[in-house]
Amino acid sequence: MIPGSDEVLFLPLGGTGEIGMNFNCYGHDGAWLIVDCGVTFGDPSNPGVDVMTADPTFIEDRRDTIAGILITHAHEDHVGGVAHLWPRLRCPVYATPFTMAVLRRKLEEAGFAGKVPLHEMPLSGEASVGPFDLRLVTVTHSIPEPNAVVIKTGAGTLFHTADWKLDPDPLIGDVTNEAALRAIGDAGVLALIGDSTNATVEGAAGSEAEVRDSLMDLVGSFTERVAFACFASNVARVQTVAEVAHAHGRVVGLVGRSLWRMTDAARATGYLHDLPPFVREDEAMLLPRDKVALICTGSQGEPRAALSRIARDDHPNIALDDNDTVIFSSRIIPGNEVPISRLQNQLTSMGVRVITEKDHFVHVSGHPARDELRQMYQWIRPRIAVPVHGEVHHLRAHSALAAECQVPHTPIIENGDVLRLDPDGPEICGQVQAGRLAVDGNDLIRLNDSNLRERNHMLWNGAATLTLVVDRKGYAVSEPQLSAPGLVADTDEDYDLMDDVIDDVLDALSALKASERRDDDKLSERLRRTVRRSFRERRGKNPKTEIHLVRLED
Ligand SMILES: [Zn+2]
Ligand SMILES: [Zn+2]
């Protein structure tokens, strides 16, 4: 599939039909532009997998035609995949200074700093990337330097909103550049490709300044320690908390590595300058209880993050007690309800007061609600609106709203669909491989990979290992040893079960022909089947079974 000079193609490989791992491709005149390269987080159906990226096979197979990758902002669902996928794509990467600072750290950690051609663009900057002329437009969101991008091609102008909202007072960065947006609409836009996250939410997202005012009142009423759970990347919220704390005579301690990483990147690129320095967690605990505010990672209940460790009383430096307060100044990412409520319950049972969005105005979303979407369509007036960055019901709501706003064509597509952005009616002109790759340690593996299948199998069925020492003729010289983690517990009943399985093994062994007993492969396979069958009959499980056979030759 080679995009012609008279057409523009849009192909999402990730982020359409889901929230996470954004990976958008635009094709024109023989070349492809990638906008964003993010990750999504693992779920219980893939044990051992923390993050996943989009499957880039389609574009990787056309590596020579990739003009570049533009990263719109530094959220993980937009930038997190670069360090994993760049070795397969090997093209220049474009981003603004703060995003670039975050990306550089990731590339250093991955060991290919200096190898990736990085092109830093100023805010509102322009760049020619192959046949695509890019112009950034500053918007507001929940991280410094969120950019929408105008993509000019010989076959029409596109407007990719990326993540945005209309915040009249974002505290960090400029307000959304309304005049620029109006001018873009006046010049004519073929297609808007846009954020659907809050397309089902009436009204407007609200302003960061309103959160500050609300927290200012709230924190004044506390006399003990106060801790805030928020996203490390939400630098404006970190600033909000710091300002609120400062106004109440509290010093801010950061708890969690990603908070230090993000605030370092922010300070290095010109943000957070008028704040007093943050203190380390061990220093924070030495301060009087009413003179400290903590900002902690782990608002989503991630078990290894700071807040979960504090709630388990398992944190090396921080402990919270009776009458301390934890404020969840963050949203619940769909799917995380269970770990978050477990975390909040643990804190509550320690005597800690827990305050969330439900109790008090402590958070605003970074994505546009319906009034903001309407406003954007009044400014841009595209021929085509393509909803992205949302689950299917978000895409549907966005599509219907765009149609209400007089946009002639509002197609709903999914990852892997190639959409020709024809002004007279867009059409899906192809479908390509799309899916997920799991970041498994240092490797990237397909989600149907055999290792993962096996791990999943073990998760549900457990694993059994039998060790048997036999003599040259294949008779057992000692009692077989059986272990079955995740399958049997430390109870009398389960010890009996283990004994029964071992009896089955010994019975099977004595029933074998002499030739079978002498052959290691045959013997192992017979034993493996016996152990499995025994567990199936006695426990209703099919454990992953391994036999360690040791043959004594004398
Ligand atoms: Zn974002
Ligand atoms: Zn996003």
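What lies between β3 and β4, and which residue in the turn has a positive phi? I looked, and found a hairpin with two residues between the strands; D29 in the turn has a positive phi of about 50°.

**Ground rules**

I am working with a predicted model: local features need pLDDT of at least 70, side-chain atom pairs count only at pLDDT 80 or more, and totals for chains, interfaces and linings use all residues. Residues are numbered from 1 along each chain as its sequence is written, while chains are lettered from A and ligands numbered from 1 in the order in which they are written.

**Domains**

I looked up how the chain is divided. Domain 1 covers 9–203 + 365–446, domain 2 covers 208–355, and domain 3 covers 462–551. These bounds come from an automatic or database domain assignment. I then took the centres of domain 1 and domain 3 over C-alpha atoms, and they are 54 Å apart.

**The hairpin strands**

I went back to β3, residues 23–28. Strands here are DSSP runs of E with at least two residues, and helices are runs of H or I with at least four, numbered from the N terminus. Six of the six residues in β3 are buried. Buried means 20 or more other C-beta atoms within 10 Å of the residue's own; exposed means 12 or fewer, and partly exposed lies in between, with C-beta atoms placed from the backbone. Both faces of β3 are covered. F23, C25 and G27 sit on one side, and N24, Y26 and H28 on the other.

Next I checked pairing, which requires DSSP to find at least two bridges between two strands. β3 and β4 (residues 31–37) run antiparallel and are joined by six bridges. H28 has A31 as its bridge partner in β4. β1 (residues 9–14) also pairs with β3 in the antiparallel sense, over five bridges. There, L11 is matched with C25.

**The parallel sheet**

I moved on to an open sheet of five strands with parallel pairing. Its order is β16-β17-β15-β18-β19. β16 (251–255) and β19 (353–355) are the edge strands, since each pairs on one side only. From one strand to the next, the twist averages 20°. For such angles, axes are lines fitted to C-alpha atoms (for helices, over the stretch in contact), and the angles run from 0 to 180 degrees between N-to-C directions. Within the sheet, β15 (residues 226–229) and β18 (residues 325–328) share four bridges. F228 pairs with I327 of β18.

**Helix α8**

I compared the span of α8 (residues 257–268) with expectation. The expected span is 1.5 Å times one less than the number of residues. For these twelve residues that gives 16 Å, and the end C-alpha atoms are 17 Å apart, which agrees. Its buried residues are L259, M262, T263, A265 and A266. They cover an arc of only 155° around the axis, so they are on the same side of α8. The arc is that of the directions from the helix axis to the C-beta atoms. Their cover includes α4 (97–110), α7 (235–247), β16 and β17 (292–296). After α8 I noted G270, with a positive phi near 100°.

**Helix α17**

Where do the buried residues of α17 fall, seen down its axis? I listed them: L523, L527, T530, V531, S534 and F535. They fall within an arc of 125°, so they line one face of the helix. On the other side, D521 and E537 are exposed. Among the elements covering the buried residues are β26 (463–470), α15 (492–511), α16 (514–518) and β28 (544–551).

α17 has 20 residues and reaches 28 Å from its first C-alpha to its last, close to the 28 Å expected. G540 follows the helix, and its phi is positive, near 70°.

K522 also belongs to α17 (residues 520–539). K522 is partly exposed because it has 15 C-beta neighbours inside 10 Å. From K522 to E210 I read 72 Å, C-alpha to C-alpha, with 312 residues of sequence separation.

**C429**

My last stop was C429, in strand β23 (residues 427–431). With 14 other C-beta atoms within 10 Å, C429 is partly exposed. C429 touches V418 and R420, leaving out residues up to four places away in sequence. Contact means C-beta atoms, placed from the backbone, within 7 Å of each other. V488 is 59 residues from C429 in sequence and 54 Å away in space, C-alpha to C-alpha.

Technical notes
Two residues are in contact if their C-beta atoms, placed from the backbone, lie within 7 Å.
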